[in-house]
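Please open the model in a viewer and keep the selection panel at hand. The tour below proceeds from one selection to the next.

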Amino acid sequence: MPAVKTAVSLDNTLFQRAEQIAAELELSRSGLYARAIEEFLGARQARMGKGNTGGDIRKARHRALEQLIERKILLQEAGDRKIKIRDERVDRRLEAIRKRFASEKEFRQALRKENLTEAGLRKRIKEDLMISVLMDREIRSKVRVGEGEIKQFYEKNKAMFKEPGEVELGHLFIKVKERENWEEAGQKGKMLLKQLKDGADFSLLAKKYSDGPNAKKGGNLGFLMLGELNPEFEQVVSGLKVGEISGLIKMGDGFHIIKLEGRKDARQMQLSEVRARIESLIFTKKAEKRYRVWMKELKKKHYIEIK
């Protein structure tokens with residue numbers, strides 16, 4: 001089969017014409033190009049903690065276009081290798097997608113939002129399955145992770161596998177309500193604190209008097225990681241022994257009383273506990289490297305040119 005001419009050189013002009021190129025690749029109508037840009041920008045914004053800049057948009061166009069071109073090349077390669085997908089597999093995948101929606105109406109609305117018909121969705125599912133079969137044959141089935149690699153990774157990256165200390169807390173919160181001053185709320189807090197110091201059951205008092213979201217659970221917050229607590233809470237907790245109760249803490253819009261219900265010390269996880277996780281990390285890295293080398297060869301085979 002002759003090489004198919006599509007576009008691979010990603011220069012400035014091509015970035016500016018990305019929507020046109022996506023349309024020529026028959027992908028823009030399915031929303032794939034726009035969604036690829038949105039996903040890239042959303043992930044970047046989450047990492048950076050700020051809005052997207054012109055440079056972000058440029059990088060998003062670059063990445064989205066690269067992904068679309070690679071998808072087209074993979075489909076061409078799957079076709080060259082005569083990869084076939086049975087209708088039954090497509091039917092099962094389509095039905096699984098349909099069941100994610102509360103009703104047929106919601107399913108149809110989602111299709112319209114993506115500018116897709118059901119036939120278009122079936123086509124995309126079939127293409128995704130073709131690519132998955134191709135990737136299984138060329139990448140996933142050929143990547144191996146040895147026990148020695150796993151052990152070496154663990155020894156070099158032990159810090160990745162340390163569990164931070166955790167504390168189990170009980171929380172009783174007295175909120176300063178409307179038409180109530182801080183002094184009144186403080187007096188209520190002191191009264192409850194005295195009862196606790198005299199041996200009253202923390203859980204029962206929290207259920208009856210706490211304004212916190214976990215009041216129905218007796219104020220139990222479960223186990224929380226040290227380092228992720230409010231700094232003021234963590235400072236108080238660090239001075240408590242299991243079973244002890246804090247003083248009255250004035251913070252935010254009320255007063256807090258904390259009980260240390262339990263503590264788990266920080267510990268180094270053993271290799272046996274993280275072997276599967278390490279194997280997955282190494283496998284992913286090796287598979288990505290193999291994919292990049294393979295895709296480079298495919299781009300030479302399926303040469304791309306936009307005029």
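Begin by selecting residues 166-175 and 254-264, which are strand E2 and strand E5 of this predicted model. The two run antiparallel and are joined by 10 bridges. Strands (E, at least two residues) and helices (H or I, at least four) are DSSP runs numbered from the N terminus, and two strands count as paired if DSSP finds at least two bridges between them. Within this pair, Leu169 stands opposite Leu260 of E5.

Extend the selection to the open sheet of 4 strands, whose order is E3-E2-E5-E4 with antiparallel pairing. At its edges are strand E3 (220-225) and strand E4 (249-251), each of which pairs on one side only. From one strand to the next, the twist averages 40 degrees.

Next, add helix H10 (residues 202-209), which packs on the sheet and touches E2 and E5. Its direction makes about 40 degrees with that of E2; axes are lines fitted to C-alpha atoms, for helices over the stretch in contact, and angles run from 0 to 180 degrees between N-to-C directions. Helix H11 (residues 231-238) lies across E2, E4 and E5 and runs at about 170 degrees to E4.

Which residues touch the most other members of the largest nonpolar core? Select Leu74 and Trp294, which do so in this core of 29 residues. A nonpolar core is a set of buried Ala, Val, Leu, Ile, Met, Phe, Trp, Tyr and Cys residues joined through side-chain atoms within 4.5 Å, where buried means under 20% relative accessible area (1.4 Å probe, protein chains only). Helices H4 (54-80), H5 (87-98), H6 (104-113), H7 (118-138) and H12 (271-301) each supply at least two of its residues, and H7 gives the largest share, 8 residues.

Centre on Trp294: beyond its neighbours within four places in sequence, Trp294 is in contact (heavy atoms within 4.5 Å) with Leu74, Glu77, Arg81, Leu134, Met135, Glu138 and Ile139. Another core, of 13 residues, lies apart from the largest one and includes Ala185, Leu192, Leu193 and Ile257.

Finally, colour the chain by pLDDT, the predictor's confidence in each residue from 0 to 100. The mean is 82, and 79% of residues reach 70 or more. Among the elements, helix H8 (residues 147-156) has the highest mean, 96, and helix H1 (residues 12-16) the lowest, 37. Over residues 1-33 the pLDDT stays under 50, although the model has 74 contacts beyond four places in sequence for them.

Residues are numbered from 1 along each chain as its sequence is written. Local features need pLDDT of at least 70 and side-chain atom pairs pLDDT 80 or more, while totals for chains, interfaces and linings use all residues; side-chain values use heavy atoms, leaving out hydrogens and water.

Note on methods: Buried means under 20% relative accessible area, exposed over 50%, partly exposed in between (1.4 Å probe, protein chains only).
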